[in-house]
Number of protein chains: 6
Amino acid sequence: MLIRVINPNTTASMTTLIEANARAVAGPGVVVEAVTPAMGPASIESHYDEALAVPGLLAEIIAGERDGADGYVVACFGDPGLDAAREVAAGPVVGIAEAAMHAAMLVGRGFSVVTTLGRTAGRALDLASRYAPAGACRGVHACEIPVLELESDPSVLPRVTALAREALERDGSDVIVLGCAGMAGLCHDVSAELGVPVVDGVTAATLMVQSLVTLGLGTSKRDEYAAPLFKPYLGLLSDFMQPDGGGSRQGGVRAKEGLV
Amino acid sequence: MLIRVINPNTTASMTTLIEANARAVAGPGVVVEAVTPAMGPASIESHYDEALAVPGLLAEIIAGERDGADGYVVACFGDPGLDAAREVAAGPVVGIAEAAMHAAMLVGRGFSVVTTLGRTAGRALDLASRYAPAGACRGVHACEIPVLELESDPSVLPRVTALAREALERDGSDVIVLGCAGMAGLCHDVSAELGVPVVDGVTAATLMVQSLVTLGLGTSKRDEYAAPLFKPYLGLLSDFMQPDGGGSRQGGVRAKEGLV
Amino acid sequence: MLIRVINPNTTASMTTLIEANARAVAGPGVVVEAVTPAMGPASIESHYDEALAVPGLLAEIIAGERDGADGYVVACFGDPGLDAAREVAAGPVVGIAEAAMHAAMLVGRGFSVVTTLGRTAGRALDLASRYAPAGACRGVHACEIPVLELESDPSVLPRVTALAREALERDGSDVIVLGCAGMAGLCHDVSAELGVPVVDGVTAATLMVQSLVTLGLGTSKRDEYAAPLFKPYLGLLSDFMQPDGGGSRQGGVRAKEGLV
Amino acid sequence: MLIRVINPNTTASMTTLIEANARAVAGPGVVVEAVTPAMGPASIESHYDEALAVPGLLAEIIAGERDGADGYVVACFGDPGLDAAREVAAGPVVGIAEAAMHAAMLVGRGFSVVTTLGRTAGRALDLASRYAPAGACRGVHACEIPVLELESDPSVLPRVTALAREALERDGSDVIVLGCAGMAGLCHDVSAELGVPVVDGVTAATLMVQSLVTLGLGTSKRDEYAAPLFKPYLGLLSDFMQPDGGGSRQGGVRAKEGLV
Amino acid sequence: MLIRVINPNTTASMTTLIEANARAVAGPGVVVEAVTPAMGPASIESHYDEALAVPGLLAEIIAGERDGADGYVVACFGDPGLDAAREVAAGPVVGIAEAAMHAAMLVGRGFSVVTTLGRTAGRALDLASRYAPAGACRGVHACEIPVLELESDPSVLPRVTALAREALERDGSDVIVLGCAGMAGLCHDVSAELGVPVVDGVTAATLMVQSLVTLGLGTSKRDEYAAPLFKPYLGLLSDFMQPDGGGSRQGGVRAKEGLV
Amino acid sequence: MLIRVINPNTTASMTTLIEANARAVAGPGVVVEAVTPAMGPASIESHYDEALAVPGLLAEIIAGERDGADGYVVACFGDPGLDAAREVAAGPVVGIAEAAMHAAMLVGRGFSVVTTLGRTAGRALDLASRYAPAGACRGVHACEIPVLELESDPSVLPRVTALAREALERDGSDVIVLGCAGMAGLCHDVSAELGVPVVDGVTAATLMVQSLVTLGLGTSKRDEYAAPLFKPYLGLLSDFMQPDGGGSRQGGVRAKEGLV
């Protein structure tokens with residue numbers, strides 16, 4: 001089984017970190033490959049960044065289809081481009097916010113999200129209201145550390161831990177969800193410190209994709225997520241014209257080569 | 001007052017239609033300019049199309065900021081890129097689904113959406129749950145006419161009218177919302193035939209933007225919709241690196257010139 | 001275009017203030033007339049006041065129909081009598097809470113209401129749950145200044161500003177909605193001080209009515225908001241017996257003359 | 001214990017029917033008096049009727065306070081003036097829609113409302129969303145028999161029964177709620193015919209008020225439902241100026257005498 | 001009329017307390033009998049306790065059917081086994097959380113629950129979301145006094161009062177619901193101290209059952225709550241094989257005798 | 001890794017079927033053991049059956065803890081005893097309705113449940129509202145085949161397939177969830193016939209438990225799901241007195257031996 005984990009930003013060191021975390025949990029016989037898009041923002045910290053990360057992400061899905069990937073993880077907590085990716089891919093596509101929130105609901109009553117910048121909280125709440133019933137997500141809390149400083153800033157672990165502790169108290173929650181792919185490495189330390197489950201979306205999504213592929217489940221192609229219809233695309237994005245080669249997996253090679 | 005109405009697809013004839021409808025309702029002294037992006041899909045009928053329409057849309061917002069636009073209409077019923085556009089623009093940005101749904105709530109108890117392809121219904125329902133309380137949107141109904149055939153197909157008016165009539169009955173609704181910018185021209189005929197308010201989002205959004213500008217209201221820049229932070233952008237999309245020139249309206253010229 | 005703005009309380013000085021604010025935003029060619037009912041409470045600060053303000057309000061709607069008004073603003077933040085007014089009027093009727101909340105949703109993620117007395121918060125929350133999805137209205141905060149003291153008390157601006165600042169923090173909101181027609185004059189000062197959009201319902205509703213009339217949209221007369229059926233009315237309120245003269249705009253003169 | 005059952009319309013024969021039904025279930029020692037307001041519409045079949053029934057209803061609450069009533073039933077399925085009545089009364093006030101819906105939730109999974117005119121369905125749904133969680137009220141169905149014909153039209157029982165049977169099927173419900181005080185007499189026959197609980201609000205509300213009084217529970221006077229503040233009232237409604245005589249039960253006599 | 005009040009735990013002194021409270025409010029001619037199950041936990045303070053209290057509770061319902069009980073109260077705030085009990089009983093079955101929440105909604109805008117241990121708050125919130133619309137239950141607060149210490153600990157009244165006062169402030173609520181059958185005795189003292197309605201579920205449920213029986217309303221036997229089908233039961237619980245003796249009230253004697 | 005799959009009913013042939021399905025998807029090195037409780041109903045088709053299946057289920061959880069199980073599947077679509085099981089187990093416990101609904105949300109927009117008896121639909125809807133946001137579960141449809149006839153009745157596959165096809169149409173759904181552990185074997189055939197994802201909870205839950213154990217995630221022990229407190233248990237159920245031996249995994253042996 002081949003799982004492509006797509007880091008939707010263009011920072012390769014973050015892709016490396018994500019890949020290591022995903023591989024650490026994947027089952028025997030599961031090949032996990034993390035990829036970095038050829039276009040887009042170095043990090044995703046706004047709706048603008050997120051919107052502009054999607055073309056690069058979709059190019060990686062198209063490439064994955066060519067390469068025979070069985071499923072995909074979208075490794076950014078805003079779950080960018082998830083609906084579009086589901087139209088293009090034959091197999092399952094799971095976002096890390098989605099995976100983390102579903103996992104959190106399985107191990108507790110209510111979760112708090114601990115994330116990077118406060119300005120991304122709106123997106124996290126939007127996703128929570130799409131994935132979970134009211135009351136499951138009890139709060140979103142920002143440590144105000146930019147995504148690309150997560151790796152280098154030595155204060156990250158204590159700050160995230162302190163914020164998570166406060167979130168449990170204030171929200172009356174019993175599970176912590178880490179709100180950024182770049183926090184994957186913090187999972188066990190924060191959990192050990194606080195004594196509650198701490199969910200990282202990268203690992204959770206990797207295992208959800210692995211499970212769905214094992215179950216033979218991919219996105220429903222009935223209606224909404226059917227392959228997109230062919231049509232003219234202009235300008236910079238004209239190589240995206242034919243995502244699926246007319247509906248068959250064999251087609252669309254030219255488009256894919258042009259994109260990645 | 002300058003209102004830019006952005007047709008997020010790249011079909012110029014549709015932009016012309018949209019502009020005519022928007023201008024027909026704008027107040028004295030309001031300049032309405034409809035624009036067609038330089039990149040992206042010819043029509044938007046899938047999440048894939050929608051995601052790939054957003055860069056072209058954002059380029060037009062960036063250009064609009066350079067040109068001193070006071071507000072924007074996003075003239076596709078999927079409201080693509082709305083959150084990102086709000087980060088970039090100083091003035092208000094209103095989507096046509098958003099505008100139509102808000103207007104519909106002001107003139108009735110519950111509305112039905114009549115749209116093009118059934119596969120877009122999921123997006124319409126997502127938007128309804130973001131903009132309106134449960135129960136306001138009572139159904140989404142597709143005539144299965146592709147967007148680009150709306151202009152030429154003579155059966156459009158009778159088919160949309162028949163579908164709307166059926167929707168009122170089945171949903172117990174009292175207002176019809178037209179679910180595509182390309183349906184703007186049908187508004188009065190369907191209303192006259194059915195005797196209920198029929199809301200077109202292009203005209204509704206134009207007047208909502210005009211109203212917000214008159215009220216001095218633009219998107220809140222507190223937190224979520226603040227201007228996006230500067231950061232490296234790679235590849236095809238590298239010209240999007242600096243949407244707002246560092247936060248001032250004067251900056252960012254290079255990026256803008258490269259994009260439109 | 002004639003817009004009647006009805007101040008549902010019987011304090012004429014407040015009507016004057018409301019009219020000035022509404023006129024300041026109305027478009028060229030739009031005649032805005034604010035009126036004071038001939039019966040009812042001097043201010044509306046309870047469900048009791050609100051209920052007893054409705055007959056006077058409806059009398060003004062009936063008078064407006066006689067006078068050829070194209071649309072109406074109900075200028076009290078409790079939106080009293082809105083459903084009944086929609087049955088009587090041929091054109092659109094918009095409440096100021098309704099207008100303010102819809103406008104607030106167009107310029108931010110979540111709004112806080114700053115109002116007069118705490119005892120009115122329940123009504124504001126009821127209205128929010130009718131007009132907006134869960135999560136849009138993040139809090140209702142009272143300055144505990146009675147409606148009729150808003151004009152004279154010099155501490156109003158600083159107190160409302162301080163309360164609004166605190167509301168933004170506590171609620172995590174990004175837009176302020178002023179919860180009383182008598183606060184219309186505070187709008188720009190509070191916004192300038194806090195740097196967020198501050199929405200006043202009187203001006204927002206005036207422009208929404210103007211927009212709806214321009215769009216040719218009035219309340220749907222299908223079912224719920226059809227003209228009320230004729231029937232006997234007894235006692236003090238017998239003059240309300242025939243609101244629409246049997247369904248035509250020409251009729252009902254006697255009733256109207258008796259009421260206003 | 002004295003329970004005042006207020007028929008908010010001015011049709012005395014309906015009051016007689018309501019009183020008989022209420023008395024039939026009241027406990028030993030409970031005095032049930034049904035009253036007809038001195039002003040207002042002969043029946044309530046629109047928001048307009050409902051709004052104009054409220055002053056007469058409130059006058060009866062004020063009179064009831066003077067007469068020492070321990071609690072009140074508002075015997076119209078639109079629950080008109082309930083919030084205002086709660087401010088005025090010291091004891092509990094229960095609407096018949098409210099009582100019927102609460103009772104229905106205690107004896108089944110989901111209820112259907114069978115009511116008079118289709119145009120009142122919006123109000124019933126509004127009330128359901130205020131009193132019950134989503135999913136409890138599964139549908140509102142109209143037999144299109146006007147309120148005042150319920151007594152005389154011999155087809156009422158078979159038509160209501162047929163409609164209720166159909167509602168159970170279509171809605172997947174297991175309880176019927178009768179949506180009009182004038183249907184109180186049908187309760188047992190419809191239940192016997194269909195084999196499901198059929199709830200009439202008049203009797204349910206009478207026993208809920210009786211229960212609340214027995215429990216020593218009246219409307220909370222903390223904040224929202226505190227007695228309304230004294231203030232000037234003008235015109236036709238000036239006698240409503242002082243509902244509670246300045247907060248004490250002894251006061252307000254003059255106002256009360258003027259009203260009923 | 002015979003009402004069986006079932007204390008689902010096995011502590012007889014608590015049954016005595018419950019019976020006294022229930023009898024104090026029951027109407028003339030209503031026989032209230034409180035019973036203690038023959039099996040199960042001494043108190044219910046976890047999901048585990050609650051689940052294991054249900055067989056004993058159901059045995060009491062079966063016995064009650066044999067004895068001709070007209071209705072039942074389930075006197076534990078977790079409303080354990082309510083759905084199952086409704087299948088077995090011919091008459092109404094009401095839980096005390098359910099009754100208290102419905103009563104609280106009739107006398108105020110929003111209630112706070114004051115309960116024993118914090119670990120039970122999740123269950124209370126689950127029940128609130130089943131019985132009440134969002135926003136009715138504004139908070140659940142624990143005094144951290146175990147159920148069986150409520151009777152003996154002299155600090156209970158001041159601690160519950162203080163917690164309730166704080167809850168009113170923090171939640172913006174106007175009614176207090178006592179979250180344990182063992183708190184029934186505190187009702188009037190807390191209410192007197194705080195000046196708001198304080199609802200005890202034991203007395204509220206007793207009167208709701210009495211009212212439902214008077215109205216001739218029992219659980220709907222259409223579909224979900226029909227008598228359970230006969231089938232083999234193994235092991236310790238084999239005596240539960242035939243709850244209703246094949247659907248008739250006369251049968252099932254053997255099973256019942258084995259259980260109680 | 002040891003996963004215990006508990007069939008909460010006492011029909012051993014169904015346990016065998018469940019075990020075969022669970023084992024077919026479990027990863028290398030994962031030991032899946034399905035067990036049948038020593039007490040309780042032969043099948044679960046009512047709230048009564050479900051409630052009385054819980055003690056046997058909990059005994060198996062207690063035994064699993066003694067045996068070192070890493071996680072548990074509760075293999076009945078009503079998810080009986082899930083909250084209680086989570087208090088007792090150190091590792092994760094996942095119900096099959098829960099797992100199926102979460103998986104369904106990952107591969108489509110909205111799912112329909114196809115289940116056995118119509119009387120269980122209420123429970124399925126309750127669970128859907130606990131696990132999923134409004135709109136995810138679009139309908140519950142019953143084939144009216146009793147649980148224990150699923151294995152032997154040759155018409156099961158065509159009937160379930162036909163019902164699922166109809167559900168997709170009527171509900172506008174794009175995924176089918178099988179609503180009974182006994183339907184696990186139908187999964188691939190129905191999916192092949194209808195061309196949409198068909199989710200079986202047994203296999204989905206097995207992989208979710210496997211994933212959670214791999215991630216190091218068990219139920220949060222903060223507050224609600226902490227181990228239940230020790231207390232006296234009477235009568236038939238007295239062996240359940242000490243589920244966890246005072247909080248340590250080593251204790252509680254006596255209780256466990258008595259139960260299984």
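Two strands count as paired if DSSP finds at least two bridges between them. With that rule in hand, one can begin reading this predicted model at the place where chain E meets chain F. There, β3(E) and strand β10 of chain F, residues 233–234, are joined by two bridges and run antiparallel, so they satisfy the rule for pairing. Within this pair of strands, E:Gly40 stands opposite F:Leu234, a residue of β10(F). In general terms, the strands of a sheet pair through backbone hydrogen bonds, and they do so either parallel or antiparallel.

The contact between these two chains takes 40 residues from chain E and 40 residues from chain F. On the side of chain E that touches chain F, at least two residues are supplied by each of β3 (40–41), α2 (47–67), α3 (82–88) and β10 (233–234) of chain E. The largest share of that side, nine residues, comes from α2(E). Sorted by character, the residues on the side of chain E that touches chain F divide into 22 nonpolar, 10 polar and eight charged.

The helix that gives this largest share to the side of chain E deserves a closer look. Two packed helices are described by the angle between their axes and the distance between the axes. Here α2(E) packs against helix α2 of chain F, residues 47–67, at an angle of about 125°, and their axes are 9 Å apart. An angle over 145 degrees would count as roughly antiparallel and one from 65 to 115 degrees as roughly perpendicular; α2(E) and α2(F) are therefore oblique to each other. Their crossing is left-handed. E:Tyr48, E:Ala51, E:Leu52, E:Val54, E:Pro55 and E:Leu58 in α2(E) meet F:Tyr48, F:Ala51, F:Leu52, F:Val54, F:Pro55 and F:Leu58 in α2(F). The residues of this helix contact divide into 12 nonpolar, no polar and no charged.

Not every pair of chains meets in this way. Chain A and chain D are joined by no contact, and their closest C-alpha atoms lie 12 Å apart. Likewise, no contact joins chain C and chain F, whose closest C-alpha atoms lie 12 Å apart.

Turning to the inside of a single chain, one finds in chain D an open sheet of four strands in the order β2-β1-β4-β5, with parallel pairing. Its edge strands are β2 (31–35) and β5 (93–95) of chain D, each of which pairs on one side only. On average, and with direction ignored, neighbouring strands of this sheet are turned by 20° against each other. Strand β1 of chain D, residues 2–6, pairs with β2(D) in the parallel sense over five bridges, and D:Val5 has D:Ala34 in β2(D) as its bridge partner. Helix α1 of chain D, residues 12–25, packs on the sheet and touches β1, β2 and β4 (71–74) of chain D, while its direction makes about 165° with that of β2(D). Helix α4 of chain D, residues 96–106, also packs on the sheet, touching β4 and β5 of chain D, and its direction makes about 75° with that of β5(D).

A single residue of chain F can close the tour. F:Pro146 lies in the loop between β7 (137–142) and α6 (156–171) of chain F. Because F:Pro146 has 14 C-beta neighbours inside 10 Å, it counts as partly exposed. Leaving aside residues up to four places away in sequence, F:Pro146 touches F:Ser43, F:Glu45, F:Thr116 and F:Leu117. F:Ser43 is 103 residues from F:Pro146 along the chain, yet their C-alpha atoms are separated by 8.8 Å.

Terms used:
Residues numbered from 1 in each chain as written. Chains lettered and ligands numbered in written order. Predicted model: local features only at pLDDT ≥ 70, side-chain atom pairs only at ≥ 80, totals over all residues. Contact = placed C-beta atoms within 7 Å. Nonpolar A, V, L, I, M, F, W, Y, C, P; charged D, E, K, R; others polar. Axes fitted to C-alpha atoms, helices over the stretch in contact; angles between N-to-C directions. Buried ≥ 20, exposed ≤ 12 C-beta atoms within 10 Å, placed from the backbone. Parallel < 35°, antiparallel > 145°, perpendicular 65-115°, else oblique. Left-handed = near helix turned anticlockwise from the far one by under 90°.
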